[in-house]
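Please look over the sequence and the model before reading on. The paragraphs below go from the whole chain to a few chosen places in it.

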Amino acid sequence: MLVFAASDKGGTGRSVTSANLAYQCALEGSDVCFLDFDFGSPTAATVFDLPDVHREAETAGLHAYLQGVVGEPLRVDVWARTEHSDLRARPNGSGRLVLLPGDRYGGEFVTDQEHVHRCVDLILRLRREFDMLIVDLSAGRSYAVDLVLQATSPGLGLDRLPHRWLVFHRWTRQHVAAAAELAFGPRGILSTGEDMGHDRDALRGAIRFVRAAVPDPDSPLWSQVGPARYAWMTQCDSTLEKLASDRGLGRTVMVAKIPLEPVLQWQERLITDQDVHDRQIADPQTWRALGDLAQRLTDDGFWGER
């Protein structure tokens with residue numbers, strides 16, 4: 001399966017949540033490859049606790065590959081290389097977890113047909129090795145978004161692969177509106193994809209939304225506030241639910257709701273079982289939400305496929 005992680009704004013938690021998604025899928029036994037197509041800010045190596053990879057990827061990452069500088073992009077075995085103490089011993093029954101980083105100083109670049117064909121060739125080869133490819137894209141209507149929309153358009157080979165879009169947004173008015181524009185706006189994923197030959201209904205059916213950094217008024221963290229503040233928070237939440245529904249981002253197309261989580265916000269790293277149960281620094285609700293996202297990703301019924 002091919003999964004694209006997109007967001008209209010930076011700071012949505014897209015990269016850190018999609019990296020946690022890759023980790024959860026690997027824990028369930030899938031062989032997972034994470035491709036850092038966030039060309040403007042390739043930070044996946046940090047989320048996976050791979051500090052040496054920044055130096056190694058200066059001229060050998062996905063930027064260099066797509067631009068024809070190297071014949072193969074750098075690939076990193078996360079289990080073997082991570083400095084995250086909980087991940088050093090690969091859990092029994094887990095699948096492979098491999099990172100293809102972006103170049104450290106790569107930056108955004110205009111894409112052309114040569115880049116598209118290199119992208120297609122890479123994904124087709126990786127698909128023979130891995131059960132799941134998760135592609136983290138630059139924020140907004142970026143060159144990276146255009147590149148993968150073109151690469152998955154009919155006739156190039158990737159259109160036959162099951163692929164899904166996860167659009168991330170924080171639980172605020174601005175982020176909800178921005179996510180709707182990215183997906184459904186005049187220059188959004190749906191319209192741009194249709195212009196490139198995608199079937200509009202099929203592409204729309206492949207798009208789901210991930211709400212990130214969502215405060216729950218009924219959680220222990222927030223429910224202890226005073227009555228006036230609790231009522232205000234509850235009203236804000238209801239208003240956002242209506243806004244999301246009006247903009248096409250309602251619960252029927254929401255694939256996950258990730259709670260406001262200090263470990264994700266402050267450390268931007270993977271959350272492990274030890275963080276939840278041994279150290280008790282991460283919320284069990286966050287761990288469950290990430291696991292549910294991994295399971296729903298492969299549930300065809302949840303995506304309207306039977």
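What percentage of the 306 residues of the protein count as buried? In this predicted model, the share that counts as buried is 52% of the 306 residues, where buried stands for a relative accessible area under 20%. The chain is built from 15 helices and 8 strands, and its C-alpha trace spans about 60 × 45 × 40 Å along the principal axes. For 306 residues, a compact globule would be expected to have a radius of gyration near 19 Å, and the protein, with 19 Å, agrees with that expectation. If one takes the contacts with a separation of 6 or more, 76% of them join residues that are 24 or more positions apart.

A strand offers a convenient place to begin. Strand E4, which covers residues 97–100, has both of its faces covered: Leu-97 and Leu-99 are buried on one side, and Val-98 and Leu-100 are buried on the other. Strand E2 (residues 32–37) pairs with E4 in the parallel sense over 4 bridges, and in this pairing Phe-34 stands opposite Leu-99. Strand E3 (residues 76–77) also pairs with E4, but in the antiparallel sense and over 2 bridges, with Val-76 standing opposite Leu-99.

Helix H7 and the loop after it come next. Of the 9 residues of H7, 7 are buried, and therefore the helix is largely enclosed by the rest of the structure; the buried residues are Ala-144, Val-145, Asp-146, Leu-147, Val-148, Leu-149 and Ala-151. In the loop between H7 (143–151) and strand E6 (163–170) lies Ser-153, which counts as buried because its relative accessibility is 6%, against a cut-off of 20%. A polar atom of the Ser-153 side chain lies 2.6 Å from the backbone oxygen of Gln-150. When residues up to four places away in sequence are left aside, Ser-153 touches Asp-159, Met-196 and His-198.

Helix H12 gives another arrangement to consider. It has 20 residues (227–246) and reaches 29 Å from its first C-alpha to its last, close to the 28 Å expected at 1.5 Å a residue. Its buried residues are Met-233, Leu-240, Glu-241 and Ala-244. Seen down the axis of H12, these buried residues fall within an arc of 105 degrees, so they line one face of the helix. As background, an α-helix has 3.6 residues a turn, so residues three or four places apart point the same way. On the other side of H12, the residues Pro-227, Ala-228, Trp-232, Lys-242 and Asp-246 are exposed. Just after the helix, Gly-248 takes a positive phi of about 85 degrees.

One of these exposed residues of H12, Trp-232, can be set against a residue from another part of the chain. Lys-9 is found in the loop between strand E1 (2–7) and helix H1 (14–27). Lys-9 and Trp-232 are 223 residues apart in sequence, and their C-alpha atoms are 26 Å apart in space. With a relative accessible area of 29%, Lys-9 is partly exposed, since that class lies between the cut-offs of 20% and 50%. Not counting residues up to four places away in sequence, Lys-9 touches Arg-14, Ala-139, Gln-174, His-175 and Ala-178.

Note on methods: Residues are numbered from 1 along each chain as its sequence is written. This is a predicted model: local features need pLDDT of at least 70, side-chain atom pairs count only at pLDDT 80 or more; totals for chains, interfaces and linings use all residues. Side-chain values use heavy atoms; hydrogens and water are left out. The expected span of a helix is 1.5 Å times one less than its number of residues. Buried means under 20% relative accessible area, exposed over 50%, partly exposed in between (1.4 Å probe, protein chains only). The arc is that of the directions from the helix axis to the C-beta atoms. Two strands pair if DSSP finds at least two bridges between them. A polar contact is a pair of N or O atoms within 3.5 Å; within protein, one must be able to donate a hydrogen and the other to accept it, and residues adjacent in sequence count only if both atoms are side-chain atoms. Contact means heavy atoms within 4.5 Å. The radius of gyration is taken over C-alpha atoms; the globule rule is 2.2 Å times the number of residues to the power 0.38.
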